[in-house]
Amino acid sequence: LGVLAGASLASRLAGWVGVPAAMRLCLWGGALSIGLLALLPSYPLWLLLRLLIGMALTVVFVLGESWINQLVVEQWRGRLVALYGSSYALSQLAGPLVLGMLGSDDDFGFWAATGLLLVSPLLLLGRGGAPSTQACNVTFADLFAFCRRLPVIAWAIALFASFEAMILTLLPIYCLQQGLSTEIALFMVSTVVVGDAVLQLPIGALADHMSRRALFTGCASALLGSSLAIPLLLHTWAIWPVWVLFGASAGGLFTLSLVLIGERYRDDALVRANAHVAQLWGIGCLLGPLLAGAGSQWISGHALPLLMAAGAAGLVVLTRRPGAFEPAAA
């Protein structure tokens, strides 16, 4: 819910104070909220603080992605956006590793996160090239119009958000339910994330030297094939390259979606488009694990990969429509 609220407020806040100042304020606001989690262990208050964290860091995501896409030159767009995607995926690995070193018996994890968020705004000092934007809210009606104009990109973003949420929450449980050990299950999750992180750079390089639409369709097809292969190969050695392909193809869809958005939009329109990305992200993170969890209880123990396969199949169908990658009339 914080993600959805933050996405609607990002453009307005940036219009009031500018993109760099808005990012600094939200990073410091996130630091304050996480520090208060350590100081005030109250469940109702934690719900409010978690909402504020979601709002603040979503604004950082929206404005940061917009800033990157605004700055890069077209011939380097794929590689530099892929570098952002790789950094994001590696940070997901780094967080649990840092927490593992610090331990969870005390509040060191809270204070480490607070310190990182306090220091990070200093990296923005003296940086230029941020997009200009107007102070306006981004509504769900605007989101619906965006989905009508670019349904392929909207579907891909929601699908990748579902993928991210399910990998981090349900994939270990899925592996355990299929009879694998805890160590193997966690190693499989790490393999998916590493595949996502490491192979984004080659995908981004390809995006600068070949048709981005063809590469997008290839990633959707690879996600479909790897999702269908997981139940068949889970207990064989062949599952390891499948996990890598699974992570890389899903991550490639998100990277290429940002690249395609950057091709089309600038300044205020770019910020608004990335706000829609965040809205779709929030919806995907909400619905993906719910559907996979319900499906695993009521339909099949392999609901997680089958749900990803269904989503990828729908995306493949969309990519084959005439003019699939061209904005439709509003």
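## A buried arginine and its surroundings

With a relative accessibility of 8%, Arg212 counts as buried, because the cut-off for that label is under 20%. Please keep in mind that this is a predicted model. Arg212 is found in helix H11, which covers residues 212-233. Setting aside neighbours within four places in sequence, Arg212 is in contact with Glu74, Arg77, Gly78, Ala207, Val259, Leu260 and Glu263.

### Salt bridges

How many salt bridges are there? The count comes to five. One of them joins Asp208 and Arg79 through their side chains, at 2.7 Å from N to O. Asp208 sits in the loop between helix H10 (200-207) and H11, while Arg79 belongs to helix H4 (residues 77-102), so this pair ties together parts that are 129 residues apart in sequence. Asp208 counts as buried at 15% relative accessibility, whereas Arg79, with a relative accessible area of 23%, is partly exposed.

Asp208 also forms a salt bridge with Arg212, where the closest N and O atoms are 3.1 Å apart. Both Asp208 and Arg212 are buried. Through shared partners, salt bridges join Arg79, Asp208, Arg212, Arg213 and Glu263 into one network. Glu263 appears among the contacts of Arg212 as well.

Another salt bridge brings together the side chains of Asp142 and Arg272, at 3.5 Å from N to O. This pair links distant parts of the chain, with Asp142 in helix H6 (residues 140-149) and Arg272 in helix H13, 130 residues apart. Asp142 is partly exposed at 25% relative accessibility, and Arg272 is partly exposed too, with a relative accessible area of 22%.

Here are the three pairs described above, for quick reference.

| Salt bridge | N to O distance |
|---|---|
| Asp208 and Arg79 | 2.7 Å |
| Asp208 and Arg212 | 3.1 Å |
| Asp142 and Arg272 | 3.5 Å |

### Nonpolar cores

In soluble globular proteins, nonpolar side chains tend to be buried together. In this model, the largest nonpolar core has 63 residues, and those with the most contacts inside it are Phe216, Trp243, Phe246, Leu253 and Ile261. Which helix gives the most to this core? Helix H12 (residues 239-264) does, with twelve residues.

Ile261 is a good residue to inspect up close. Not counting residues up to four places away in sequence, Ile261 touches Phe146, Ile153, Ile157, Leu270, Ala273 and Val277. A second, separate core has 25 residues, among them Ala22, Leu63, Val138 and Val271.

### A nonpolar patch on the surface

Leucines also turn up on the outside. Leu1, Leu48, Leu51, Leu52, Leu286, Leu287, Leu290 and Leu291 make a nonpolar surface patch of about 770 Å². Helix H3 (43-71) and helix H13 (267-298) are the elements that give two or more residues to the patch, and H13 gives the most, with four residues. Helix H13 is also where Arg272 of the salt bridge with Asp142 is found.

Leu1 lies in the segment before helix H1 (2-17). Is Leu1 buried or exposed? Leu1 is exposed, because its relative accessible area of 71% is over the 50% cut-off.

### Cysteines

The disulfide count comes to zero. Cys175 is in no disulfide, and the nearest cysteine sulfur, that of Cys285, is 19 Å away. That distance does not meet the rule, because a disulfide needs sulfur atoms within 2.5 Å. Cys175 counts as buried, at 0% relative accessibility. Cys26 is buried as well, at 8% relative accessibility.

Key: Residues are numbered from 1 along each chain as its sequence is written. This is a predicted model: local features need pLDDT of at least 70, side-chain atom pairs count only at pLDDT 80 or more; totals for chains, interfaces and linings use all residues. Side-chain values use heavy atoms; hydrogens and water are left out. Buried means under 20% relative accessible area, exposed over 50%, partly exposed in between (1.4 Å probe, protein chains only). Contact means heavy atoms within 4.5 Å. Patches are made of residues with over 30% relative accessible area and no salt bridge: like charges are joined within 9 Å, nonpolar side chains (Val, Leu, Ile, Met, Phe, Trp, Tyr) within 5 Å. Accessible areas come from the Shrake-Rupley method with a 1.4 Å probe; for residues, only the protein chains shown count as cover. A salt bridge is a side-chain nitrogen of Lys or Arg within 4 Å of a carboxyl oxygen of Asp or Glu. A nonpolar core is a set of buried Ala, Val, Leu, Ile, Met, Phe, Trp, Tyr and Cys residues joined through side-chain atoms within 4.5 Å.
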